[in-house]
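This report describes the fold of a single chain, the surroundings of its ligand and selected details of its backbone.

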Amino acid sequence: MEKEFSMLFRPVMGDADFLRISKFIHNECGIRLPMNKKVMVEARLLNRLRDLHILTYSEYISFVFDSGKIDPEVNNMIDVITTNKTDFFREAAHFQFFVNEALPEFVSNHPGKQFRLWSAGCSSGEEVYTLAMILNDFGLENSRFLFKILGTDISTRMLLAARTAIFAEGKASPIPSALKKRYLLRSKDRNKASVRIVRELREKVEFKYHNLISDALTNYDTFDAIFCRNVLIYFEKETQMKVIEKLTKVLRSGCYLFIGHSEAIMNHNLPLVQVGPSIYQKQ
Ligand SMILES: C[S@@+](CC[C@H](N)C(=O)[O-])C[C@H]1O[C@@H](n2cnc3c(N)ncnc32)[C@H](O)[C@@H]1O
């Protein structure tokens with residue numbers, strides 16, 4: 001009898017198959033996947049096998065890589081393998097520094113100039129919309145303050161979610177209530193328990209596909225702040241330094257780069273000076 005893909009059937013990934021995926025993800029996205037991540041990769045790809053009615057990981061890998069052209073399934077694979085955990089107001093001390101130091105400095109040094117911010121590795125957009133709320137509030141107190149935010153990621157699924165700007169109500173709990181009132185719309189459908197970011201903010205943000213290890217930014221010159229938090233941690237040292245160098249190039253002098261609290265930039269020759277926990281200023 002032909003084997004059916006039931007919920008009880010769990011295929012096992014061979015080491016050679018895992019190494020093929022891990023090499024591809026490393027080359028394509030810079031993400032390290034040592035052998036101890038095999039169980040995680042197996043678990044994350046299982047639903048892809050189920051959706052495609054494919055019974056083994058070997059068959060899935062041939063489907064993705066051996067078709068002669070890179071199969072569109074590659075995007076789905078990257079989507080499930082990347083870790084996309086994010087939150088509104090994550091690592092909140094950064095936002096205090098941003099409002100108390102970075103923004104007042106910017107308006108006094110560049111009155112009337114539009115503030116341009118890049119959230120690199122933005123996942124489903126919570127960081128971008130947190131910053132949009134903060135920047136918009138800053139604009140309410142500082143007339144003529146204009147801003148634009150670019151959010152980029154390699155996960156097309158996350159970018160799609162970010163563009164819709166709809167979040168489960170529970171996800172909004174770290175947002176201060178005054179900001180919730182100003183910037184969140186409740187779903188009209190009471191059963192849905194979701195919120196949407198108001199149009200006024202959605203119009204000030206843009207989400208684009210961008211691979212930090214291989215793509216050049218186009219149409220964008222320099223940024224007045226860059227947030228690249230909880231992304232470098234997935235790369236090895238050499239790749240981290242290449243990415244940081246690239247971010248530094250497009251950061252304006254005197255402006256700030258924010259990385260994740262568990263990340264650090266060490267032993268570098270870049271024009272960056274640490275001014276706070278995971279906060280660097282370009283000289
Ligand atoms: C853990 S999330 C961090 C989200 C947000 N910055 C935060 O701190 O909450 C990491 C994101 O980095 C993205 N990422 C991983 N490798 C990348 C690459 N090579 N280029 C761009 N984004 C990448 C992942 O898709 C994921 O959405």
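Where does the ligand lie with respect to domain 1 (15-81) and domain 2 (93-282)? In this predicted model, both domains contribute residues to the shell around the ligand, so the ligand lies between them. The shell comprises 25 residues, and the closest are T82, T86, G121, S123 and L212. Sorted by class, the shell holds 9 nonpolar, 11 polar and 5 charged residues.

**Overall fold**

The chain contains 10 helices and 10 strands. Its radius of gyration is 21 Å, close to the 19 Å given by the globule rule for 283 residues, so the chain is as compact as a globular protein of that length. The C-alpha trace spans about 75 × 55 × 30 Å along its principal axes. Of the 283 residues, 33% are buried. Among contacts between residues at least 6 apart in sequence, 72% join residues at least 24 apart.

**Strand β10 and its partners**

Strand β10 covers residues 279-282. Y280 and K282 form its covered face, whereas I279 and Q281 form the uncovered one. Two strands, β8 and β9, pair with β10 as follows.

| Partner of β10 | Sense | Bridges | Residue pair |
|---|---|---|---|
| β8 (residues 251-259) | antiparallel | 3 bridges | Y256 with Q281 |
| β9 (residues 272-276) | antiparallel | 4 bridges | G276 opposite I279 |

Both residues of the uncovered face, I279 and Q281, thus appear in the table: Q281 is the bridge partner of Y256, and I279 stands opposite G276. Strands β9 and β10 also form a hairpin with 2 residues between them. In that turn, S278 has a positive phi of about 60 degrees.

**Residues with positive phi**

Most residues other than glycine have a negative phi. Besides S278, two residues with a positive phi are described here, S123 and N267.

S123 has a positive phi of about 55 degrees although it is not a glycine. The residue is found in the loop between β1 (115-120) and α6 (126-141), and it is among the closest residues to the ligand. Is S123 buried or exposed? Because 25 C-beta neighbours lie inside 10 Å, S123 counts as buried; the cut-off for this class is 20 or more.

For N267, which is likewise not a glycine, phi is near 45 degrees. N267 lies in the loop between β8 and β9, the two strands that pair with β10. With 6 other C-beta atoms within 10 Å, N267 is exposed, the limit for that class being 12 or fewer.

Key. Residues are numbered from 1 along each chain as its sequence is written. This is a predicted model: local features need pLDDT of at least 70, side-chain atom pairs count only at pLDDT 80 or more; totals for chains, interfaces and linings use all residues. The radius of gyration is taken over C-alpha atoms; the globule rule is 2.2 Å times the number of residues to the power 0.38. Two residues are in contact if their C-beta atoms, placed from the backbone, lie within 7 Å. A residue is near a molecule or strand if its C-beta atom, placed from the backbone, lies within 6 Å of it. Ala, Val, Leu, Ile, Met, Phe, Trp, Tyr, Cys and Pro count as nonpolar, Asp, Glu, Lys and Arg as charged, and the others, Gly among them, as polar. Domain bounds come from an automatic or database domain assignment. Two strands pair if DSSP finds at least two bridges between them.
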